[in-house]
Amino acid sequence: MKKTIKLYDIDAYQTDFTAVVVFCRPVSSDSREQQPSEPLYEVILDQTLFFPEEGGQNSDTGTLNGSIVSHVQIKNGIITHITNAPFASGETVTGEIEWETRYSNMQQHSGEHIMSGLIHSHFGYDNVGFHLGSQSVTLDFNGFLDKEQLHMIESLANEAIYRNIEVIAEYPSEKELLKLNYRSKIELNEPVRIVTFPGYDVCACCAPHVRRTGEIGIIKIVDAIRHRGGVRISILCGRRALEDFRMKQEQVYAVSALLSSKPELIAAATERMKEDIFSLKGQIMELQEALIGLKVSQIADGTHNLCLFEEAMEAPVHRKYVNMLVEKCSGVCGVFVGNEQNSYRYIIASKYEDVRTVNERLKHDLHAKGGGCKEMVQGSLTGYQSDIIRCIQS
Ligand SMILES: [Zn+2]
């Protein structure tokens with residue numbers, strides 16, 4: 001079978017085309033990961049505008065004679081479209097690509113070239129992994145870059161946009177290729193397509209790009225993490241960057257209103273709020289400790305079994321309370337913190353009995369989760385106070 005003519009190579013801005021069907025067959029059920037409800041077909045055309053999944057980039061989507069093209073693959077230069085309708089060999093079809101996604105991919109991909117070229121020329125690191133999905137765009141480099149270095153690269157990359165440079169894609173002769181110094185991810189034996197961002201990047205690449213760098217709009221690094229001894233950078237370009245900016249701005253303004261603070265001061269305001277919460281927690285603990293002191297003083301020495309309920313109590317106070325009560329108790333003493341609607345955290349202790357027996361009853365009757373030693377058990381459960389009391393008393 002002849003290789004498919006890549007119309008997107010000739011003009012990345014064309015959105016519809018006509019082609020002749022070369023081959024069509026149903027997608028075999030065993031080659032599909034899951035059984036979808038509708039049958040799918042593999043369609044090969046003599047030429048296509050659909051960019052296939054290649055080089056870490058998602059394929060284009062769109063329609064063929066109105067039927068959905070959900071995925072496009074390439075193997076040995078032959079491009080296969082996955083559609084939800086069959087076509088007859090020799091039939092002429094009209095195809096249309098989903099332009100908004102394609103243009104976004106062109107923006108992201110072109111931004112990636114500028115970033116990779118700049119990082120290569122400034123730090124000598126190679127792009128060793130690229131992923132352009134529907135949500136994220138990630139670039140992996142075989143060397144680490146810190147925040148300052150990334151800032152510098154980001155600024156230079158955006159200057160390349162302001163300069164609105166023409167992007168050139170061409171197929172040089174073998175002789176010309178030998179003289180060229182270009183980035184390449186794989187060994188190529190096909191006619192090599194060289195994409196040049198003059199002054200920034202020269203790279204072997206098969207994907208569609210924007211005509212001029214100004215169309216990228218903006219390149220923003222949104223994340224950078226250490227990855228396999230190097231760095232994985234997430235970037236957003238063009239409309240994707242604008243949408244991300246909108247989302248983050250909405251979040252910042254919402255937090256700013258909640259904190260009654262200027263947007264540029266929300267981090268400091270949040271820090272102060274955390275400190276306030278910490279200090280209030282300390283005050284609550286002090287008050288709770290004073291309260292348990294009073295409560296314990298009202299319990300007579302030698303009380304047999306004790307089963308007490310508290311709506312809220314900090315964990316250290318809860319433990320202290322039980323430790324104080326157990327001194328006054330000649331049987332089993334349990335403190336349950338929480339309520340019947342949600343759940344209880346409990347601690348049960350005794351100086352005279354094995355409290356694991358009580359714990360087993362709670363597990364059996366109320367599906368409690370917890371454990372401990374014979375002097376003290378702790379856990380959590382959901383149940384009625386009357387049922388809990390019965391388990392403690394019996
Ligand atoms: Zn490219």
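**From Ser-116 out to the whole chain**

Let's start inside helix α2, where Ser-116 sits; helices here are DSSP runs of H or I with at least four residues, strands are runs of E with at least two, and both are numbered from the N terminus. Keep in mind that this is a predicted model: local features need pLDDT of at least 70, side-chain atom pairs count only at pLDDT 80 or more, and totals for chains, interfaces and linings use all residues. Residues are numbered from 1 along each chain as its sequence is written.

Ser-116 counts as buried because it has 25 C-beta neighbours inside 10 Å. The cut-offs are 20 or more other C-beta atoms within 10 Å of a residue's own for buried, 12 or fewer for exposed, and partly exposed in between, with C-beta atoms placed from the backbone. Who's around it? Setting aside neighbours within four places in sequence, Ser-116 is in contact with Asn-127, Leu-139, Arg-183 and Asp-201, where contact means C-beta atoms, placed from the backbone, within 7 Å. Asp-126, ten residues away from Ser-116 in sequence, is 7.3 Å from it in space, C-alpha to C-alpha.

Helix α2 (99-123) also leads us to α5, since α2 is among the elements that cover the buried residues of α5, along with β14 (219-227) and β15 (230-237). Those buried residues in α5 are Gly-238, Arg-240 and Ala-241. Looking down the axis of α5, they fall within an arc of 140°, so they line one face of the helix; the arc is that of the directions from the helix axis to the C-beta atoms. The other side of α5 has exposed residues, including Glu-243, Arg-246, Tyr-253 and Leu-258.

How does the length of α5 add up? Its 22 residues (238-259) should span 32 Å at 1.5 Å a residue, and the end C-alpha atoms are 31 Å apart, which agrees; the expected span is 1.5 Å times one less than the number of residues. Just past α5, Ser-260 takes a positive phi of about 50°.

Now zoom out. The chain has nine helices and 20 strands. Its radius of gyration is 34 Å, well over the 21 Å that the globule rule gives for 394 residues, so the chain is more spread out than a compact globule; the radius is taken over C-alpha atoms, and the rule is 2.2 Å times the number of residues to the power 0.38. The C-alpha trace spans about 100 × 50 × 40 Å along its principal axes.

Key: Contact = placed C-beta atoms within 7 Å.
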